[in-house]
Amino acid sequence: MSDNVGLSTPRGSGTSGYVQRNLAHARPRDMAAPYPRDLDSLRHRQRQPDQGLLEHDRKREVEVKVFELRDKLEDEGIDEEVIDTRCDELRKKLLAEMEKNHRRGGAGGTSKNLKMHQVHELADAKIKESERLRQALKISRDYEEGSHWRKQEERVKKASERDAAPAAAPVPALESRDRERERDRDRDRERERERDRDDRA
């Protein structure tokens, strides 16, 4: 018996205990739409890097260099206190350089020397590259994809409304002329009726 299907033991049942799949069973189909209904989910979203991980990697690089210096100084047989002071000096110097580079945006700016497993660094480099490209092409920060086409459609729509507006303006004038003619005809008919009444009387 597996997964609570079938006999607990085939003994005494006169069968081998083999359980077949029910081929007549029709599985219900998924009722979900095969595509998303909202357009916001289709828009491209830039992967945001985890700043905590990026900071951790930068500090780790500093500590690796400090450890290499410590290892080298220990091999030379220098006193432990001197090693600690030199390591602290190097650490402070490297952390200051790291902060300066990070503020300028220099570290992680290119993706050429990054590996595929450095996902957050690649995402950070891509964001910086996109920002440089946006500034070079003078694209505004609030630009949305496809907004150019919407603006163009609005311009065409306004132009067609302007073209249609002068053509639509004479229509009320024509309607008012038709109404005046109807009134004149009604007056003429009334006058004729009055004349007929006067003639009969």
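Is R58 buried or exposed? In this predicted model, R58 counts as buried because its relative accessibility is 13%, under the 20% limit for burial. Its salt-bridge partner is E55, and the closest N and O atoms of the two are 3.1 Å apart. E55 is partly exposed, at 22% relative accessibility. Both residues belong to helix α1; because they are 3 residues apart, about one helical turn separates them.

The overall fold comes next. The protein chain contains 5 helices and 0 strands. Read from the N terminus, the order of elements is α-α-α-α-α. The chain has 201 residues, of which 9% count as buried. About 18300 Å² of the protein chain is exposed. Carbon and sulfur atoms supply 49% of that area. Contacts between residues at least 6 apart in sequence were also examined; 45% of them join residues at least 24 apart.

In soluble globular proteins, nonpolar side chains tend to be buried together. Here the largest nonpolar core consists of 7 residues: V62, V66, L73, I83, C87, L94 and M98. Two elements, α1 (51-76) and α2 (80-104), each give two or more residues to this core. The most comes from α2, which gives 4 residues. One of the core residues is I83. With neighbours within four places in sequence left aside, I83 is in contact with R70, L73, E74 and I78. Of these contacts, L73 is also a member of the core.

R70 has a further role in the contact pattern. R70 forms a salt bridge with E80, with 3.1 Å between the closest N and O atoms. R70 lies in helix α1 and E80 in helix α2, so the pair ties together parts that are 10 residues apart in sequence. R70 is partly exposed, with a relative accessible area of 21%. E80 is also partly exposed, at 40%.

Side chains of opposite charge can pair when their charged atoms come close. The whole structure holds 13 salt bridges. Among them is the pair formed by D184 and R187, at 3.3 Å from N to O. These two residues sit in helix α5 (residues 170-200); because they are 3 residues apart, the separation is about one helical turn. D184 is partly exposed, at 38% relative accessibility. R187 is partly exposed as well, with a relative accessible area of 46%. Elsewhere, E63, D88 and R91 are joined into one network by salt bridges that share partners.

Attention then turns to α3 (119-136). This helix has 18 residues. From first C-alpha to last, α3 reaches 26 Å, close to the 26 Å expected at 1.5 Å a residue. Its buried residues are E121, A123, D124, A125, K128 and R134. The cover over these buried residues includes α1.

A link across the sequence involves Q48 and I127. The two residues are 79 residues apart along the chain, yet their C-alpha atoms are separated by 8.2 Å. Q48 is placed in the segment before α1. Q48 counts as exposed because its relative accessibility is 57%, over the 50% limit.

The stretch after α3 has its own features. K138 is located in the loop between α3 and α4, just after α3. Its phi is near 55°, a positive value in a residue other than glycine. K138 is exposed, with a relative accessible area of 77%. I139 is found in this loop too, between α3 (119-136) and α4 (147-168). I139 is partly exposed, at 31% relative accessibility. Together with L133, L137 and Y143, I139 forms a nonpolar patch on the surface. The combined accessible area of the patch is about 390 Å².

Definitions and conventions
Residues numbered from 1 in each chain as written. Predicted model: local features only at pLDDT ≥ 70, side-chain atom pairs only at ≥ 80, totals over all residues. Heavy atoms only, no water. Core = buried A, V, L, I, M, F, W, Y, C linked by side-chain atoms within 4.5 Å. Buried < 20%, exposed > 50% of the residue type's maximum accessible area, 1.4 Å probe, protein only. Contact = heavy atoms within 4.5 Å. Patch = residues over 30% accessible without salt bridge, like charges linked within 9 Å, V, L, I, M, F, W, Y side chains within 5 Å. Areas by Shrake-Rupley, 256 points an atom, 1.4 Å probe, with all protein chains shown as cover. Salt bridge = Lys/Arg side-chain N within 4 Å of Asp/Glu carboxyl O. Expected span 1.5 Å × (residues − 1).
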